[in-house]
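User: I would like a close look at one aromatic pair and its surroundings. Please keep the answer connected and plain.

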Amino acid sequence: GNIRFPHNLGGTPEFIIIKKTSGTGSWLVYHKDLGAGYNIFLDTDAKRTSSTVQGYIGTQTDTNIVLDGGGQGNTVFGDGTFICYAWKNTAYSSFGTYTQAASTSSPRAFTTGFPVKFLLIKCTTVGDDHWQLYDAFMTVPGVSSGALGSLRPDTDHSEATASSTTRAITLSTTDGWQLNANITHNAVNGGGGRNYIWCAFG
């Protein structure tokens, strides 16, 4: 059955991360734009996964975090202790989605209402595309001004500094972030009509 507990956010959560702390288990992620009944894992490069009897983070309300305990085969929300992080859109956090651009000749701007310091992006419709984490402080020495290194939360890799990822994103000092022109890297703007989710914090 469902598991509910209050979140006190003053609005419906748009981004949720849950991790079991008393044992092993994946980092389960809910994002408002994944689609009803879908979650994704922070610690893998897999695409979104549909709800199963194992349990998942369900449709949220403005008062409670809602977890679907699944059926008899529940392996996600069984016995144990869990930690939950939840956010909604505020003056310093914003969450959205985009689809791979048909043309990459022009940059694409995303408005958040605040200067972005931290940006997390994940392809949701194709597996094997890593999470990409950009931080305003991770500039790359020796690369064009404003180029950002990226980290991959689903791996133990060091900071990525290849030009295909360092030049992909610009974090605005006034409002939002930008997917730069001529970027075809699968992790942020690959082919095949890929869909992406993003999470931005000021």
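Are Trp177 and Trp198 buried or exposed?

Analyst: In this predicted model, Trp177 is buried, and Trp198 is buried as well. The two belong to one of the twelve aromatic pairs that the structure holds. Their ring centres lie 5.6 Å apart and their planes stand at 70 degrees; because an angle over 60 degrees counts as edge-to-face, the pair is edge-to-face. Along the chain the partners are 21 residues apart, and the pair links distant parts of it: Trp177 sits in strand E15, and Trp198 in strand E16.

Trp177 also has a place in the packing of nonpolar side chains. The largest nonpolar core has 19 residues, and Trp177 is among those with the most contacts inside it, along with Tyr98, Leu119, Ile121 and Ile169. Strand E15 (177-179) and strand E16 (195-201) each give two or more residues to this core, as do strand E11 (118-123) and strand E14 (169-171). A second core, separate from that one, has 14 residues, including Phe15, Phe95, Met138 and Ile197. In soluble globular proteins, nonpolar side chains tend to be buried together.

Other aromatic residues group elsewhere. One aromatic cluster is formed by Phe15, Tyr85, Trp87, Phe95, Phe118 and Phe201. Two of its members, Phe15 and Phe95, are also in the second core. Tyr85, in contrast, is partly exposed, because its relative accessible area is 35%, which falls between the 20% limit for buried and the 50% limit for exposed. Tyr85 lies in strand E8, which spans residues 82-87. With Trp27 and Ile83, Tyr85 makes a nonpolar surface patch of about 250 Å². Tyr85 thus takes part in an aromatic cluster and in a surface patch.

Two further points concern residues in and around these strands. Cys84 is partly exposed, since its relative accessibility is 28%, whereas Cys123 is buried, since its value is 0%. The structure holds zero disulfides. Leu9 lies in the loop between strand E1 (2-6) and strand E2 (15-20), and a relative accessible area of 25% makes Leu9 partly exposed. The C-alpha atoms of Leu9 and Ala86 are separated by 8.2 Å, although the two residues are 77 apart along the chain.

To return to the request: Trp177 and Trp198 are both buried, and their rings form an edge-to-face pair that joins strand E15 to strand E16.

Methods: Residues numbered from 1 in each chain as written. Predicted model: local features only at pLDDT ≥ 70, side-chain atom pairs only at ≥ 80, totals over all residues. Heavy atoms only, no water. Patch = residues over 30% accessible without salt bridge, like charges linked within 9 Å, V, L, I, M, F, W, Y side chains within 5 Å. Areas by Shrake-Rupley, 256 points an atom, 1.4 Å probe, with all protein chains shown as cover. Salt bridge = Lys/Arg side-chain N within 4 Å of Asp/Glu carboxyl O. Helix = DSSP H or I, 4+ residues; strand = E, 2+ residues; numbered from the N terminus. Buried < 20%, exposed > 50% of the residue type's maximum accessible area, 1.4 Å probe, protein only. Core = buried A, V, L, I, M, F, W, Y, C linked by side-chain atoms within 4.5 Å. Disulfide = S-S within 2.5 Å. Phe/Tyr/Trp six-rings, centres within 6.5 Å; stacked < 30°, edge-to-face > 60°.
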